[in-house]
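Let's take a walk through this structure, starting from a single ring and working outwards. Have the sequence and the 3D view open as you read.

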Amino acid sequence: MAQVIQEIKKPILHISCVPRKDTTLLKISLSQDDLGILYRVTSVLFHHRWDILEAVAETASDGHVQDLFVIRSWDGAEMTESLLSQIRSDLYSLFYEGKSVAMYLRENAKEEILVRKIGDSEASLKLYNPISSDFTVMDLRMKDTPGILFQITEALYHLGIDIISFTANSFDGKIRDSFLLRTSLTGEKLDEKLMFPMLRAKLESFL
């Protein structure tokens, strides 16, 4: 009897970076798409004291995912090989070894961010569905606070919302975050009557 040996493919997580003038371009390739990629990445970069200024998700025809992040250190540090290796190790445990983000943050004494309230009375949130687009647009204006992107991506993750792209612009201590969103279940825009109020309530609970 011929024995059939099924090849087990090892999960792929490849990380590389390209230094820029004031920022670093971080490239992350995964063997499969998954809800909450930006959520996990923000938690790791928050722990290592890096901000994400832009993020774009790209999916190849073979199912591999490559996400591009423009990041900047809180204190002007450069991305080193040892730090890049540690980021890869942390992300691998979150993507492929079953470790939750909450567990990761507790292990690194960063669990306070899970329940933190910003308390920005001037924060504003806009949600709308452009007719000419397949995605929902979300614009947030608030004071620039380290880790705020993690809290936003956590809220989106728990509501089952995919982030297709993200950009951040800061001016005079304020930041404007713009997102393109869709539901992970159907790949469609967010329902204005159902999801808009849920998302608004979730974000306003800590903003």
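Start with Phe179, which is buried because its relative accessible area is just 2% or less, or to be exact 1%. Keep in mind that what you're looking at is a predicted model. Phe179 has a partner in Phe166, and the two rings make a tilted aromatic pair, with 4.9 Å from centre to centre and 40° between the planes. Phe166 is buried as well, at a relative accessible area of 2%. Phe166 sits in strand 7 and Phe179 in strand 8, so their pairing ties together parts of the chain that are 13 residues apart in sequence. The count of aromatic pairs comes to six. Elsewhere, ring pairs join Tyr39, Phe150 and Tyr157 into a cluster.

How far can you trust what you see? The mean pLDDT of the protein is 89, and 92% of its residues reach 70 or more. The stretch to treat with care is residues 4–8, where pLDDT stays under 50 and the model has zero contacts beyond four places in sequence. Where pLDDT is low, the predicted coordinates should not be read in detail.

Now for the empty space. Rolling a probe the size of a water molecule over the atoms shows where such space is left. The structure holds one cavity of 30 Å³ or more, and the volume of this largest cavity is about 200 Å³. Its lining is made up of 19 residues, with Asp51, Ile52, Gly147, Ile148 and Leu149 nearest the centre. Helix 1, strand 3, helix 4, strand 7 and strand 8 (174–183) each give two or more residues to that lining. Strand 3 gives the most, with four residues. Sorted by class, the cavity lining has eleven nonpolar, four polar and four charged residues.

Next, the pockets. The largest pocket encloses about 320 Å³ of space. It is lined by 26 residues, and those closest to its centre are Ala57, Asp67, Asp162, Ile163 and Ile164. At least two lining residues come from each of helix 1 (37–47), strand 3 (50–59), strand 4 (65–73), helix 4 (148–158) and strand 7 (161–171). Strand 7, the element that holds Phe166, gives the most to the lining of the largest pocket, with six residues. The class tally for the largest pocket is 16 nonpolar, four polar and six charged residues.

The second largest pocket has a volume of about 220 Å³. Its lining has 14 residues, and Arg20, Thr23, Thr24, Ala77 and Glu78 are the closest to the centre. Strand 4 gives the most to this lining, with three residues. By class, you'll find five nonpolar, four polar and five charged residues around the second largest pocket.

Thr23 is worth a stop of its own. You'll find Thr23 in the loop between strand 1 (13–19) and strand 2 (24–30). Is Thr23 buried or exposed? Its relative accessibility is 15%, so Thr23 counts as buried, given that the cut-off for buried is under 20%. Beyond its neighbours within four places in sequence, Thr23 is in contact with Leu53, Val70, Ile71 and Arg72.

A couple of backbone angles also deserve a look. Most residues other than glycine have a negative phi. Arg49, in the loop between helix 1 and strand 3, has a positive phi near 70°. Arg49 is partly exposed, with a relative accessible area of 41%. Ala109 also has a positive phi, of about 55°, although it is not a glycine. Ala109 belongs to the loop between helix 3 (101–107) and strand 5 (124–128), and Ala109 is exposed, at a relative accessible area of 57%.

Finish at Ser132, in the loop between strand 5 and strand 6 (136–143). With 78% relative accessibility, Ser132 counts as exposed. Follow the chain from Ser132 to Lys143, eleven residues apart, and the C-alpha atoms turn out to be separated by 31 Å.

Methods:
Residues are numbered from 1 along each chain as its sequence is written. This is a predicted model: local features need pLDDT of at least 70, side-chain atom pairs count only at pLDDT 80 or more; totals for chains, interfaces and linings use all residues. Side-chain values use heavy atoms; hydrogens and water are left out. Buried means under 20% relative accessible area, exposed over 50%, partly exposed in between (1.4 Å probe, protein chains only). Contact means heavy atoms within 4.5 Å. On a 1 Å grid over the protein atoms alone, a cavity is a set of points where a 1.4 Å probe fits but cannot get out, and a pocket is an open set with protein on both sides within 12 Å along at least five of seven lines; lining residues have an atom within 4 Å of a point. Grid points are joined across faces, edges and corners, and a volume is the space filled by probe spheres set on the points. Ala, Val, Leu, Ile, Met, Phe, Trp, Tyr, Cys and Pro count as nonpolar, Asp, Glu, Lys and Arg as charged, and the others, Gly among them, as polar. pLDDT is the predictor's confidence in each residue, from 0 to 100. Rings of Phe, Tyr and Trp (its six-membered ring) pair if their centres lie within 6.5 Å; planes under 30 degrees apart count as stacked, over 60 as edge-to-face and the rest as tilted.
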